[in-house]
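Here are some short exercises to work through with the structure open beside you. Try each task before reading its solution.

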Amino acid sequence: MKLWQKTSLICIAVLLVIVTACSAVLLIHSKNSILELTYSRARDRQKSLASSFSEMAGYYIAENDSWTVENSLVNYCFSRFADSSSVLMRGDETLYSGVSVNPRAFLPLPENEYSMKIAEREIDGRNVLIAGSLVAVRNTSYAVYVVEDISTTYNSIVSLAWTFAAVSLAGILLGAGCIALIMHRSTRPLTSLAKTARQIAGGDYSMRADVHTGDEIGALAGDFNLMAEAVETRIAELMETAERQRLFIGGVTHEFKTPLTALLLHSRMLRRANMTDEEKDASLEHIEGQCEWLERLVQTLLKLITLEREIERRPCEVDALFDTVRQNTQKSLADRGVTLITHSGGGTLNCNADLIQSLLINLVDNAAKAYDTDAPDKRVLLTFSGDTIEVRDFGRGIPKESMERIFEPFYMVDKSRSKKAGGSGLGLALVKRIADAHDAELTVKSGVGKGTTVRVRFQ
């Protein structure tokens with residue numbers, strides 16, 4: 001099936017749904033309006049009949065009239081205003097009726113309740129509207145009914161429905177023809193565009209699409225005309241991507257090579273029989289440190305990979321989380337002479353505690369590394385407020401040109417300092433991955449010589 005045919009069918013289906021829905025809404029509205037008008041006229045007729053009968057009967061009937069005289073006057077007064085749809089009853093006795101049904105059987109009126117009642121009933125296969133109310137005349141209650149056959153009204157509604165259906169069908173057929181014609185003409189330039197695309201795909205990049213429609217198809221033709229020029233650019237981008245991958249692999253290799261080289265060197269030194277105990281202890285201590293560094297590097301790389309999976313979250317006390325971070329960073333902070341100041345306010349976070357702990361340890365560790373050795377006041381502030389965790393230092397800060405790349409794996413603002421401080425360039429990349437896994441907003445504000453503030457705002 002061609003595109004213009006598919007598009008025409010979709011548009012015709014949409015037209016069918018819209019026209020059908022609009023016709024149904026209009027028909028329902030018309031039906032309700034007609035029935036409401038019929039109900040309103042029946043109520044007005046019953047109200048006028050009951051009021052007129054009550055006033056006239058009250059005027060003519062005296063308290064000392066006999067029962068026979070009162071019955072005659074009641075019938076006379078009611079007949080003056082009644083028509084073929086009127087019914088007058090006293091209790092179960094019918095005093096006047098212009099219809100063949102007993103309205104009380106279908107619409108009973110409670111005693112001492114003089115408000116109007118109205119109902120629609122199906123009687124002998126016909127729709128009948130009954131409106132009635134009680135009228136008090138000389139301490140006697142009379143039931144005044146108006147019984148109207150509204151079957152013709154429903155027949156009119158059915159006729160109106162058929163009219164709506166015929167008009168809707170004619171509109172749909174006419175619209176379908178117009179849609180098919182318009183779609184066929186509108187998609188004709190695509191044939192020419194497809195031919196040009198096949199020639200370009202075959203390697204003839206000098207070909208250009210000769211389509212000038214000024215619409216989306218014309219814009220698509222313009223994109224095709226840019227295809228040949230874009231090939232060279234795309235190749236360059238692919239080569240750049242390959243170079244980035246090579247550098248990434250080289251960075252990983254380098255990060256592993258440094259501790260492995262040190263391990264190999266000191267293990268060979270330990271095999272020397274003439275080493276003193278102090279030299280052996282120093283070599284073993286260095287080996288231990290390199291192993292710890294290598295272990296941290298491996299764990300970080302594993303976390304970077306496994307964070308692609310969905311994480312499990314649970315409510316976590318921020319106070320306990322901060323205490324864990326303090327315990328895990330206590331030795332490294334003490335070695336650098338940095339003081340950790342925390343304030344949480346006793347809040348709770350819905351998170352993965354292990355991952356958030358890793359995030360905070362990395363941020364606190366980075367903040368501690370931001371100070372020079374001779375800095376006079378080395379503090380790291382770890383605070384929680386509302387839904388935001390903040391880690392702040394007052395160290396060297398991050399240059400503006402490095403801000404956009406700080407979350408890239410293996411990127412270091414100052415490689416020489418980071419290497420001396422034991423950094424691998426993976427800490428902030430891990431922080432970014434953990435924040436993304438929690439759907440948290442990660443923002444960094446920094447200035448050279450003014451320190452850095454990292455905020456993690458949870459949703």
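Three exercises follow, each with a worked solution.

The model is predicted, so local features need pLDDT of at least 70 and side-chain atom pairs count only at pLDDT 80 or more, while totals for chains, interfaces and linings use all residues. Residues are numbered from 1 along each chain as its sequence is written, and side-chain values use heavy atoms, leaving out hydrogens and water.

**Exercise 1.** Find the strand order of the open five-stranded sheet and name its edge strands.

*Solution.* Start with the strands (DSSP runs of E, at least two residues, numbered from the N terminus). Two strands pair if DSSP finds at least two bridges between them. The order is β2-β1-β5-β4-β3, with antiparallel pairing. The edges are β2 (93–97) and β3 (117–123), each pairing on one side only.

**Exercise 2.** Take strands β1 and β5: how many bridges join them, and what is the partner of Leu-88?

*Solution.* Strand β1 covers residues 86–90 and β5 residues 140–149; four bridges join these antiparallel strands. Leu-88 has Val-144 in β5 as its bridge partner.

**Exercise 3.** Describe the surroundings of Ser-86: is this residue buried or exposed?

*Solution.* First, place Ser-86 in strand β1. Next, its relative accessibility is 2%, so Ser-86 counts as buried (buried is under 20% relative accessible area, exposed over 50%, partly exposed in between, with a 1.4 Å probe and protein chains only). Then list contacts (heavy atoms within 4.5 Å): leaving aside residues up to four places away in sequence, Ser-86 touches residues including Leu-49, Phe-78 and Tyr-145.
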